[in-house]
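Visitor: I have just opened my first protein model, and I would like to learn how to read it. Could you take me through it step by step?

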Amino acid sequence: MTMLLSVDGLTAGYGGARALDGVSLGIEAGETVALLGANGAGKSTLLKALLGLVPARGALRFDGADLGGLATEARVRRGIGYVPEGRRVFPGMSVRDNLEVAGLPAARDRARDVERVFALFPDLAAKSGEHAWRLSGGQQQMLSLGRALMGRPRLLLLDEPSLGLSPKLADEVFAAIGRIAAAGTAVLLAEQSAVRALRVAPRAILLRLGRVVGDGPVASLSEEALRDVFFGG
Ligand code: ATP
């Protein structure tokens, strides 16, 4: 199978400090992969480098095309959706408008996509006319996910979607991620909470100090490897 995303020797940093050090990985179409690592391992930097939000060296290919040199907007247009840490929504806009402004240019496509998001998140449908600031944290996270889906991504990059949510809301958000994945969208899910991530992702990539230290089916990852990633051995 050809890879949807392939990353080879990705290196990035902030000033002198290296945050990613020769990261290589591949993601197939429709695959759900957990990106696991402790605080500061480089998960957010990796997602940002894939989008061109931080400068990086190395080879990046998406859907057969070279991403290097493409601006963030062009990468998004090619089918990479991104939900950053911390639920970016427009608080003063209605739920529906938050989705509309993230949608495709043609009104008919946009209307259909809004309905798809509402079918995926019935809680949002019930609040379509409310201002986004009135939503709960979990609902804002769902709106943030919905906004990314409006661009019809083939790969969705999620940065710590459960951060700051109660266990119950985090479970709801993960159930929604499971439904998105089941519908055929590839997902790369950066998480500090391995237990939840591994419930929806059959495969995990372990990141430690900017390097890939494990990559494979969840059953192949030893508890020792996971412990090492999270507690530094
Ligand atoms: P977290 O769970 O905290 O988001 P992470 O695995 O996503 O952790 P990154 O945020 O990618 O890790 O950070 C990787 C390294 O880069 C860390 O050492 C971090 O301190 C550093 N770093 C991240 N952002 C910046 C920045 N804007 N300026 C300087 N250093 C940064």
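**Reading the model, feature by feature**

Guide: Let us begin at the ligand: a backbone N or O atom of A41 lies 3.1 Å from one of the ligand's oxygen atoms. Please keep in mind that this is a predicted model.

Visitor: Which other residues have an N or O atom beside a ligand oxygen, as K43 might?

Guide: For K43, a backbone N or O atom is 2.9 Å from an oxygen atom of the ligand. Q192 uses its side chain instead, with a polar atom 3.0 Å from a ligand oxygen. In the wider surroundings, 13 residues lie around the ligand, and N39, G40, G42, S44 and T45 come nearest.

Visitor: Now the sheets. In what order do the strands of the open sheet lie?

Guide: The general idea comes first: strands of a sheet pair through backbone hydrogen bonds, and the pairing can be parallel or antiparallel. Here four strands form an open sheet in the order 2-1-4-5, with antiparallel pairing. Strand 2 (17–28) and strand 5 (65–66) are the edge strands, each pairing on one side only.

Visitor: How many bridges join strand 1 to strand 2?

Guide: Nine bridges join these two antiparallel strands. One place to look is G13, which stands opposite R18 in strand 2. The two strands form a hairpin with two residues between them, and in the turn G15 has a positive phi of about 60°.

Visitor: And what does strand 1 do with strand 4?

Guide: Strand 1 (residues 3–14) pairs with strand 4 (residues 56–62) in the antiparallel sense, over six bridges. You can follow the register on screen: D8 stands opposite A59, and T11 stands opposite R57. While you look along a strand, remember that in a regular strand the side chains alternate between the two faces of the sheet.

Visitor: Where could I practise on another hairpin?

Guide: Try strand 9 (residues 203–208) and strand 10 (residues 211–217), an antiparallel pair with six bridges. A204 has G216 in strand 10 as its bridge partner. Two residues lie between the strands of this hairpin, and L209 takes a positive phi near 50°.

Visitor: Let us go inside the protein. Which residues of the largest nonpolar core touch the most other members?

Guide: That core has 42 residues, and L36, F121, L124, L145 and I177 touch the most other members. Helix 7 (residues 167–182) gives the largest share, seven residues. Apart from this core lies another, of 30 residues, among them L5, L35, A41 and L47. You have met A41 already, beside an oxygen atom of the ligand.

Visitor: Is F121 buried or exposed?

Guide: F121 is buried, because its relative accessibility is 1%, and buried means under 20%. F121 lies in the loop between helix 4 (107–120) and helix 5 (122–125). Leaving out residues up to four places away in sequence, F121 touches M142, L145, G146, L149, A176, R179 and I180.

Visitor: What does L145 touch, when residues up to four places away in sequence are not counted?

Guide: L145 touches V83, F121, L156, L158, V173, I177 and I180. So F121 appears in the list for L145, and L145 appears in the list for F121.

Visitor: Why does Q140 count as buried?

Guide: Q140 counts as buried because its relative accessible area is 17%, and the cut-off is under 20%. Q140 sits in helix 6 (residues 137–149). Beyond residues up to four places away in sequence, Q140 touches R87, V89, A132, W133 and L135.

Visitor: How should I think about distance along the chain and distance in space?

Guide: Look at both values for a pair of residues. L198 and G30 are 168 residues apart in sequence, and their C-alpha atoms are 16 Å apart in space. F121 and A59 are 62 residues apart in sequence, with 36 Å between their C-alpha atoms. L198 itself lies in helix 8 (residues 194–200). Its contacts, again without residues up to four places away in sequence, are A34, L36, A204, V218 and L226.

Visitor: Which residues does the UniProt domain annotation cover?

Guide: The unreviewed UniProt entry carries the annotation "domain: ABC transporter" for residues 5–231. In the model, this span is 37% helix and 28% strand, and its end C-alpha atoms lie 29 Å apart.

Notes:
Residues are numbered from 1 along each chain as its sequence is written. This is a predicted model: local features need pLDDT of at least 70, side-chain atom pairs count only at pLDDT 80 or more; totals for chains, interfaces and linings use all residues. Side-chain values use heavy atoms; hydrogens and water are left out. Two strands pair if DSSP finds at least two bridges between them. Contact means heavy atoms within 4.5 Å. UniProt positions are given in the numbering used here, feature names are shortened, and annotations may be inferred rather than shown by experiment. A nonpolar core is a set of buried Ala, Val, Leu, Ile, Met, Phe, Trp, Tyr and Cys residues joined through side-chain atoms within 4.5 Å. Buried means under 20% relative accessible area, exposed over 50%, partly exposed in between (1.4 Å probe, protein chains only). A residue is near a molecule or strand if one of its heavy atoms lies within 4 Å of it. A polar contact is a pair of N or O atoms within 3.5 Å; within protein, one must be able to donate a hydrogen and the other to accept it, and residues adjacent in sequence count only if both atoms are side-chain atoms.
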